[in-house]
Amino acid sequence: MIYSTEIQNMCPVAQGANHGAAPIPEEGKWVRAKEVTDISGFTHGVGWCAPQQGACKLTLNVKDGIIEEALIETIGCTGMTHSAAMASEILPGKTVLEALNTDLVCDAINTAMRELFLQIVYGRTQSAFSEGGLMIGAGLEDLGKGLRSQVGTLYGTLAKGPRYLEMAEGYINRIALDKNDEICGYEFIHMGKFMDEIKKGTDANEALKKVTGTYGRFTAEQGAVKHIDPRHE
């Protein structure tokens, strides 16, 4: 170590206050984190790319500094889905410090990793006060039945009004309009359950009936005057 002349010529003064790191909450314990292995927690974060064309929601389950589980969800860009595939292989097994300094291919995923790192090392995780943290597999539970991301895709123009395309329930097949031509309900197809039925060997038409539902005032008795296909009408 090299010291400047100014520092060498200074007289030493003892450091009296040396209380170490402040404790942070981790999985139901207060931890004075000094090493990367002191870090544990389950949390989510969101990242975006420079042109802000796409976004990533990243979920990590960290145990003793090691990423044991990673869920990567992306939207808005075709290339980032392939980046997410690579990140799902890259992240598990790395420490949070390694992951922060690893090229996760997509800038949105890199940014999400940065945001998660800040949450994790400052004790702001979802499992901060959960004794023992969350089990490996907790990230998958966020996807629900059919293991599909919760996606909302809604579109609207001044000339033609709103179009519901995808919501929490699934793919929007038809939207119902009332006497004022305002949306009063919709018909949806749960795509995750649909694919599960198809894989079980259920006839496609029968499977479609089983996973189709409605929300709001969809029938004529409920006040719906007409139904339109939001993609083609």
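A residue counts as buried when its relative accessible area is under 20%, as exposed when that area is over 50%, and as partly exposed in between. The model on screen is a predicted one.

**Stop 1: Ala33**

Select Ala33. At 26% relative accessibility, Ala33 is partly exposed, because that value lies between the two cut-offs. Ala33 sits in the loop between strand S2 (29-31) and S3. Show its surroundings: leaving out residues up to four places away in sequence, Ala33 touches Ala21, Ile24, Glu26, Asp38 and Ile39. Now add Ala22, which is 11 residues from Ala33 along the chain; the two C-alpha atoms are separated by 8.0 Å.

**Stop 2: the largest nonpolar core**

Select Leu58, Leu60, Ile72, Leu91 and Ile109. These are the residues with the most contacts inside the largest nonpolar core, which has 25 residues. Which elements supply at least two residues each? They are strand S4 (55-63), strand S5 (66-75), helix H2 (78-90), helix H3 (96-100) and helix H4 (107-121). H4 gives the most, with seven residues.

Keep Leu60 selected and display what surrounds this residue. Not counting residues up to four places away in sequence, Leu60 touches ten residues by name: Gly41, Phe42, Thr43, Ile67, Glu69, Ala70, Leu91, Met113, Leu116 and Ile120.

Move to Leu91, in the loop between H2 and H3. Is Leu91 buried or exposed? Its relative accessibility is 0%, so Leu91 counts as buried. Leaving aside neighbours within four places in sequence, Leu91 is in contact with Leu58, Leu60, Ile67, Ala70, Ile72, Ala99, Leu104 and Met113. For a sense of scale, draw a distance from Leu91 to Gly170: these residues are 79 apart in sequence, and their C-alpha atoms are 29 Å apart in space.

**Stop 3: helix H4**

Select H4 and draw a line between its end C-alpha atoms. They are 21 Å apart, which agrees with the 21 Å that 15 residues should span at 1.5 Å a residue. Next, colour the buried residues of H4: Ala108, Ile109, Thr111, Ala112, Met113, Leu116, Phe117 and Ile120. An α-helix has 3.6 residues a turn, so residues three or four places apart point the same way. What covers the buried residues of H4? The cover includes strand S1 (24-26), strand S3 (41-48), S4, S5, H2 and H3. H4 is followed by Gly123, which has a positive phi near 75°.

**Stop 4: the cysteines**

Select Cys49, Cys77 and Cys106. How many disulfides does the structure hold? The number is zero. For Cys49, the nearest cysteine sulfur is that of Cys106, 6.3 Å away. The sulfur of Cys77 also has its closest cysteine sulfur in Cys106, at 6.4 Å, which is too far for a bond. Cys49 is buried, with a relative accessible area of 14%, whereas Cys77 counts as partly exposed at 30%.

**Stop 5: strands S8, S9 and S10**

Select strand S9 (residues 183-189). Six of its seven residues are buried, so S9 is largely enclosed by the rest of the structure. Show strand S8 (residues 170-177) as well: S8 and S9 pair in the antiparallel sense over six bridges. On this side, look for Ala176, which stands opposite Gly185 in S9. The hairpin of S8 and S9 has five residues between the strands, and in this hairpin Asp181 takes a positive phi near 65°.

Then add strand S10 (residues 212-216), which pairs with S9 in the antiparallel sense over five bridges. Here Phe188 stands opposite Gly213 in S10. Select Gly213, which counts as buried at 16% relative accessibility. Beyond its neighbours within four places in sequence, Gly213 is in contact with Tyr186, Glu187 and Phe188. Gly213 and Asn173 are 40 residues apart in sequence, with 9.8 Å between their C-alpha atoms.

**Stop 6: helix H6**

Finish at helix H6 (residues 191-199). Which residues of H6 are buried? They are Gly192, Phe194 and Glu197. Bring up helix H7 (204-210), against which the buried residues of H6 pack. Just after H6, select Gly201, where phi is positive at about 100°.

Notes: Residues are numbered from 1 along each chain as its sequence is written. This is a predicted model: local features need pLDDT of at least 70, side-chain atom pairs count only at pLDDT 80 or more; totals for chains, interfaces and linings use all residues. Side-chain values use heavy atoms; hydrogens and water are left out. A nonpolar core is a set of buried Ala, Val, Leu, Ile, Met, Phe, Trp, Tyr and Cys residues joined through side-chain atoms within 4.5 Å. Buried means under 20% relative accessible area, exposed over 50%, partly exposed in between (1.4 Å probe, protein chains only). Helices (H or I, at least four residues) and strands (E, at least two) are DSSP runs, numbered from the N terminus. Contact means heavy atoms within 4.5 Å. Two strands pair if DSSP finds at least two bridges between them. The expected span of a helix is 1.5 Å times one less than its number of residues. A disulfide is a pair of cysteine sulfur atoms within 2.5 Å.
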